[in-house]
Amino acid sequence: MLDLDDTIAAIATAAGAAGLAVVRMSGPHALAVADAVFVGASPLARAAGDTLHHGWALAPAAPRGARARLDEVVAAVFRAPRSYTRQDVVELSCHGGAVSAGRVLAALLAAGARQARPGEFTLRAFLNGRLDLVQAEAVADLIRAETEAAHDLALAQLRGGLSRRLAALVEAVSDALAEVEARVDFAEDVGGVEVPPRVVAAVAAAEAALADLLAGADYARAVREGVTVVLAGRPNVGKSSLFNALLGARRAIVTATPGTTRDLVSEPLEIAGVRVTLTDSAGLRRGGGEAESEGVRRAREALAAAAVVIWVVDASVPLAPEDRRIAGRLAGRRVLAALNKSDLPAVAAPGEAAALLAAPPEAVVAVSATRGDGVEELRAALGALLSGGRGLAGAVANRRHAGALARARAALARAGAAARSGAPGEIVALELREGLGALGEVTGRALGGDVLERIFSRFCVGK
Ligand code: GDP
């Protein structure tokens, strides 16, 4: 896949009934291969870059008779280096649907192109220096984005926001390292080396910049990947009703008989730019029929995977032992307490339910699922919890990036501590080099081909 000499081809659009489908090709022979299939007013080999050409795609030559027409197409020609991959690129716009693009692709493969692997076009753009790895990964995120916030985040990354901040950091740390190394070399003759305050300050500043980059990472990751939020609580407290109220639609079955939400019900909704999969559970109920125990098992699994649990309590009746039991299961979780049925006279004091939890909940909100009171407040509390009160500007969304940046930050912290405590310059240099290595992993400079292939294999074919 790291080989750039063959010409790759793939359908770049999603399958299905659509107006258009695009077959994309990149490589040194893209124009020649296209000319073996495409017939227009003049050969594409003579076409200038950034031009469009109307014509027909023809089937490979048959032993006898004329070549069959496959589709009426428009060919877009991009010449190296002014193309997505910096190679010659031809894109054939065919008719959409199940067959057209497949037949055109087959003809191109018969004419000498190779089927592209997932992400291979973007990998070529990366290998040819048109994008760094952070930007290349943003392309995959852009395609996968399910909310506008996720899209904006990927777009900022593609435009190079994170890349520029990283480049500045790499430069600052490299300068510091050069200065320390120069002194270490010199000290071999003179003996002893002290890291000057100027360098200590530069390392501290770089560490602070990394901390700032990482501060919004949880929120950005939630925006990029989405989260699961589970409604937990004993039967009949109003989970299904609240589920519907949060969604603004009637989806879950509401009944007055306990234990009838037999299965998990999940629906997506968007809160603070995060794709939230809201899950109503069967209640963490013991016993019951067979269907219910299956529901209970699934409810437990959903609970374990949830980023946030909305614990629903019926505030119109005294707290039950089952409320306490469920509260006990929420230890260590981020919990929003929803005191439901606020339209009825309250029986329990507001603090009483929260006191059943091992740790204070993130927020306590009084709601009436049936009347809709407090539902907006609950949404807002969830949004505040997911965002941590931060914006998304410049945030790091990708786990791989966040992991490497955290390692870089730790290395810089150790370098700073070593320098301040008067440790030998070699130690400081070692930590700085480690920090640079971790930063290089993010931009892709310090990654091997196997890692690159793994990263790009998560792309879709044709991108
Ligand atoms: P679940 O078992 O926890 O999912 O509870 P449901 O949503 O099925 O509700 C159980 C019963 O409580 C139903 O009769 C609902 O109409 C009622 N209920 C739910 N929320 C409220 C509320 O805010 N106020 C009142 N008065 N009744 C509610």
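The exchange below concerns a predicted model of a protein chain.

Biologist: Is the protein chain a compact globule or more spread out, judged by its radius of gyration?

Modeller: The C-alpha trace spans about 85 × 85 × 35 Å along its principal axes, and the secondary structure comprises 16 helices and 13 strands. For 463 residues the globule rule gives 23 Å, whereas the radius of gyration is 29 Å, well over that figure, so the chain is, relative to a compact globule, more spread out.

Biologist: Which residues have the most contacts inside the largest nonpolar core?

Modeller: Buried residues make up 47% of the 463 in the chain, and the largest nonpolar core takes in 38 residues. Helix α13, running over residues 375-387, gives the most to this core, with six residues. Leaving aside residues up to four places away in sequence, I310 touches nine named partners here listed in part, including V229, V230, L336 and A338, as well as L242 and L378. The residues with the most contacts inside the core are L242, I310 and L378.

Biologist: How are helix α4 and helix α16 oriented where they pack, roughly parallel or oblique?

Modeller: Helix α4 (residues 133-144) packs with helix α16 (residues 449-456) with the axes 11 Å apart and at an angle of about 25 degrees. Because angles under 35 degrees count as such, α4 is, with respect to α16, roughly parallel.

Biologist: Which residues of α16 make the contact with α4?

Modeller: The residues of this contact divide into five nonpolar, no polar and one charged. From α4 come L133, A136 and E137, and from α16 come L452, I455 and F456.

Technical notes:
Residues are numbered from 1 along each chain as its sequence is written. This is a predicted model: local features need pLDDT of at least 70, side-chain atom pairs count only at pLDDT 80 or more; totals for chains, interfaces and linings use all residues. Side-chain values use heavy atoms; hydrogens and water are left out. A nonpolar core is a set of buried Ala, Val, Leu, Ile, Met, Phe, Trp, Tyr and Cys residues joined through side-chain atoms within 4.5 Å. Buried means under 20% relative accessible area, exposed over 50%, partly exposed in between (1.4 Å probe, protein chains only). Helices (H or I, at least four residues) and strands (E, at least two) are DSSP runs, numbered from the N terminus. Contact means heavy atoms within 4.5 Å. Axes are lines fitted to C-alpha atoms, for helices over the stretch in contact, and angles run from 0 to 180 degrees between N-to-C directions. Angles under 35 degrees count as roughly parallel, over 145 as roughly antiparallel, 65 to 115 as roughly perpendicular and the rest as oblique. Ala, Val, Leu, Ile, Met, Phe, Trp, Tyr, Cys and Pro count as nonpolar, Asp, Glu, Lys and Arg as charged, and the others, Gly among them, as polar. The radius of gyration is taken over C-alpha atoms; the globule rule is 2.2 Å times the number of residues to the power 0.38.
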